[in-house]
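Dear colleague,

Please find the structure below, handed over for your records. My notes on its sheet and its aromatic contacts follow.

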Amino acid sequence: MHHVEKFSPELNKVYFIEKHTLIHILSGIGSIQVDFKNYFDWQEKAIFLEKGQYIKFLSDNFTIRRIEFSNKEKFYNREVRVLFKHLISLGYIDLLECDECNNFLSESTLTDNSSNIIDISSKQWYWQNPFKANKEEYQIIFDIKDIIDEEYSNNLTSNDLVNLINDNGYNAQALIKNKIGLSIKNLVSSKRLQESQKQIAFTDKNIQEISYDLGFKDDAYFNRVFKNSTGQTPKQFRENFDFEKRDTFTQNILELLQKYHTQERALEFYADKMNISIKALSSKVKSKMNITLGQLIRLELINTAKFMLIEGESISEISRTLGFEEPNHFTRFFKHYLGISPTDFKSSI
């Protein structure tokens, strides 16, 4: 059995994932955050999240469909875990390239057999082949990920981890480095960092206790590692994430950007409106949203441009609305950030 609902998520609210879940964004423009990372290019994708993750919507105009699956056994299946075990990014499938997936997710066909969407999706995921590996290599990569998820706080060395893996004649370290671009040590550090961020943001455990839980030899060392990775001390991170108080800063800056981004690019304008210095605004955006203010402004421009292209507006009209001097300036800007020209984007819709 599974549970399906369609709703408009609240801006900046943390939605904890209690069961294996598929999030299908039906409409809206903006970015999302999953496990402290921001993602911007979610359109026409179905995102897969596993228990213990969270998702936040950094815009208030989303409508999403959430499908929660309750058949746990299914997700330990070696073929299917590739969707839910995130290595370095989100597990997703590209709906533009999967008619079968679209049929399942269309309004009319969400019947009781829709858990078949999992089988169709895993087939699509292998077809997308995000790390350019064969199936046997994927199984080794995900075996390693499973072991890291279980053992990350036990201070195992990379060699210990590799020895825990029956590597079928492969060199597991080289395979990970080659396909994912990271070492096993990087993957372990990244898992520990993510778990420490969760404990700091969502529990009231003290920092000493958290560092002990994560297998650090002392809290001073943990503080140093954490600050090197995030640019903030654990204490600052807890204050900035602001899980309970729901500080309106993020909401205010996003509302300003949505309102003025087509006319105003200057950081000074937004600092003025927020009544703080440019420097304070920039560092607050960076610490609270894990993105720079300049990137936020560019994202708003790109999202509006995509929306206008989808609506069939001409490139010269979009260029004028977004305040570019010439249509070819807009085309260059769009292609630089998306790797595809506005015309090609339009024809791919």
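In these notes, a residue is buried if its relative accessible area is under 20%, exposed if over 50%, and partly exposed in between (1.4 Å probe, protein chains only). The model is predicted: local features need pLDDT of at least 70, side-chain atom pairs count only at pLDDT 80 or more, and totals for chains, interfaces and linings use all residues. Residues are numbered from 1 along each chain as its sequence is written, and side-chain values use heavy atoms, with hydrogens and water left out.

Aromatic pairs
Rings of Phe, Tyr and Trp (its six-membered ring) pair if their centres lie within 6.5 Å; planes under 30 degrees apart count as stacked, over 60 as edge-to-face and the rest as tilted. The search of the whole structure gives 30 aromatic pairs. In one of them, Phe202 meets Phe241 edge-to-face, at 5.5 Å centre to centre and 80° between the planes. Because Phe202 lies in helix H8 (residues 184–202) and Phe241 in helix H11 (residues 234–241), this pair ties together parts 39 residues apart in sequence; helices here are DSSP runs (H or I, at least four residues), numbered from the N terminus. Phe241 counts as buried, at 10% relative accessibility. Phe269 and Tyr270 also pair edge-to-face, at 5.1 Å and 90°, and Tyr270 is buried at 0% relative accessibility. Ring pairs further link a cluster that includes Phe16, Phe36, Tyr54, Phe202 and Phe241.

Charges over rings
A charge sits over a ring if NZ of Lys or CZ of Arg is within 6 Å of the ring centre and within 35 degrees of the ring normal. The charged end of Lys217 is placed so over Tyr221, 3.9 Å from the ring centre.

Yours sincerely

Terms used. Helices (H or I, at least four residues) and strands (E, at least two) are DSSP runs, numbered from the N terminus.
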